[in-house]
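Student: Could you take a close look at one part of this model with me, and then connect it to its surroundings? I'd like to follow the packing residue by residue.

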Amino acid sequence: MKRSLSRETRIALEPRKQPRQQRSSKLVDRILDATLILTREQGTKTPTTLAIARRAGLSVGSVYQYFPNKEAILLDLARRWLSSFPEVIAKRIKVAPPTNREEFRQEVRKLFIDTSRLYLDNASLMPVIEAISGNADLRPIQNEYDDQIIALYAAWLQHVNPALEDKVASRLGVVMMEVGHVCRLVGLKKDRRTFDLIEDDVETMWLALVSPYLNLD
């Protein structure tokens with residue numbers, strides 16, 4: 001059963017203030033950059049606020065001016081990445097649905113190119129995403145983004161085949177998201193050639209998984 005966050009917990013995870021001046025914005029960037037470096041060094045272990053402040057060359061008090069705790073810093077980083085997925089997937093729903101398997105294969109390729117770019121352009125954020133997955137306080141928030149992405153994948157499949165049942169579309173959406181995410185994380189930890197090969201394998205799996213449900217010639 002998925003946990004949900006109380007209103008009080010959500011408030012506690014929100015940034016204390018948004019930087020409006022250039023100097024403040026640079027301080028926030030230093031905090032976020034320091035957090036990225038530490039998460040790369042420590043893997044899934046969440047860095048402490050003190051460690052983040054030291055790496056950023058700031059006092060702990062300066063960090064607390066913008067973020068109430070270390071979880072809020074991680075969440076701010078993750079949101080920037082997670083929030084970019086819905087727009088990419090929704091874009092594929094706005095185009096005319098494919099009418100045959102070859103057109104569907106081309107649509108899958110376009111979706112893969114767009115979503116892969118989100119991983120490649122934000123590779124340094126992946127340790128943060130993994131750290132959040134292992135953090136009991138933050139995982140429910142990632143679950144909300146996951147649910148949104150799954151729903152969009154399901155909507156995309158039903159865009160291709162309007163007769164596809166909601167339950168089936170959602171189940172396929174879960175597999176598409178989970179398999180794609182895990183495999184891409186593995187590829188990013190290797191090298192670009194490995195990433196591209198894994199991408200091809202995942203695309204093949206996607207096509208084999210969903211094609212029987214789409215009634216395409």
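Tutor: Happy to! Let's begin where helix 3 stops: the residue that follows it is Gly57, and its phi is positive, near 75°. Please keep in mind throughout that this is a predicted model.

Now step back into the helix itself. Helix 3 spans residues 49-56, and its buried residues are Thr49, Ile52, Ala53 and Ala56. Looking down the axis of helix 3, you find these buried residues within an arc of 100°, so they line one face of the helix. The numbering pattern has a simple background: an α-helix has 3.6 residues a turn, so residues three or four places apart point the same way.

Within helix 3, Ile52 is a good residue to zoom in on. The relative accessibility of Ile52 is 0%, which counts as buried, since the cut-off is under 20%. What touches Ile52 once residues up to four places away in sequence are set aside? The partners are Ile31, Ala34, Thr35, Leu38, Pro47, Lys70 and Ile73. For a backbone distance to go with that list, take Leu32: it is 20 residues from Ile52 along the chain, and the two C-alpha atoms are separated by 8.5 Å.

Let's place this in the whole chain. The protein chain has eleven helices and zero strands, so to speak an α-α-α-α-α-α-α-α-α-α-α order from the N terminus on. Of its 217 residues, 45% are buried. Among contacts with a separation of 6 or more, 71% are between residues 24 or more positions apart.

Two of the residues touching Ile52, Lys70 and Ile73, take us towards helix 5 (70-82). Helix 5 packs against helix 8 (residues 126-133) at an angle of about 115°, with the axes 9 Å apart. This crossing of helix 5 and helix 8 is left-handed. Helix 5 brings Leu74, Leu75, Leu77, Ala78 and Trp81 to the contact, and helix 8 brings Met126, Val128, Ile129 and Ile132. By class, the residues of this contact are nine nonpolar, no polar and no charged.

Helix 5 also has a part in covering helix 6. The buried residues of helix 6 are Phe85, Pro86, Val88, Ile89 and Arg92. Around the axis they cover an arc of only 165°, which puts them on the same side of helix 6. Helix 5, helix 7 and helix 9 are among what covers these buried residues.

Take helix 7 next. Its axis comes within 10 Å of that of helix 6, and the two cross at roughly 165°. With that angle, helix 6 is roughly antiparallel to helix 7. The crossing of helix 6 and helix 7 is right-handed. From helix 6, the contact uses Phe85, Val88, Ile89, Lys91 and Arg92; from helix 7, it uses Glu107, Lys110, Leu111, Asp114, Thr115, Leu118 and Tyr119. These residues divide into six nonpolar, one polar and five charged.

In the loop between helix 6 (85-93) and helix 7 (101-121) you will find Ala96. Is Ala96 buried or exposed? Ala96 is exposed, at a relative accessible area of 64%. Ala96 and Val160 lie 64 residues apart in sequence, with 8.7 Å from C-alpha to C-alpha.

That leads to helix 9, which covers residues 139-160 and holds Asp146. Asp146 is buried, its relative accessible area being 8%. Beyond neighbours within four places in sequence, Asp146 is in contact with Arg139 and Met177.

Finally, helix 9 packs on helix 10 (residues 166-188), their axes 8 Å apart at an angle of about 120°. The two are therefore oblique to each other, and helix 9 passes helix 10 in a right-handed crossing. On the helix 9 side, the residues are Asp146, Ile149, Ile150, Tyr153, Ala154, Trp156, Leu157 and Gln158, and they meet Asp166, Ala169, Ser170, Leu172, Gly173, Val174, Met176 and Met177 of helix 10. This contact has eleven nonpolar, three polar and two charged residues.

Methods
Residues are numbered from 1 along each chain as its sequence is written. This is a predicted model: local features need pLDDT of at least 70, side-chain atom pairs count only at pLDDT 80 or more; totals for chains, interfaces and linings use all residues. Side-chain values use heavy atoms; hydrogens and water are left out. Buried means under 20% relative accessible area, exposed over 50%, partly exposed in between (1.4 Å probe, protein chains only). Helices (H or I, at least four residues) and strands (E, at least two) are DSSP runs, numbered from the N terminus. The arc is that of the directions from the helix axis to the C-beta atoms. Contact means heavy atoms within 4.5 Å. Axes are lines fitted to C-alpha atoms, for helices over the stretch in contact, and angles run from 0 to 180 degrees between N-to-C directions. Angles under 35 degrees count as roughly parallel, over 145 as roughly antiparallel, 65 to 115 as roughly perpendicular and the rest as oblique. A crossing is left-handed if the near helix is turned anticlockwise from the far one by less than a right angle, and right-handed if clockwise. Ala, Val, Leu, Ile, Met, Phe, Trp, Tyr, Cys and Pro count as nonpolar, Asp, Glu, Lys and Arg as charged, and the others, Gly among them, as polar.
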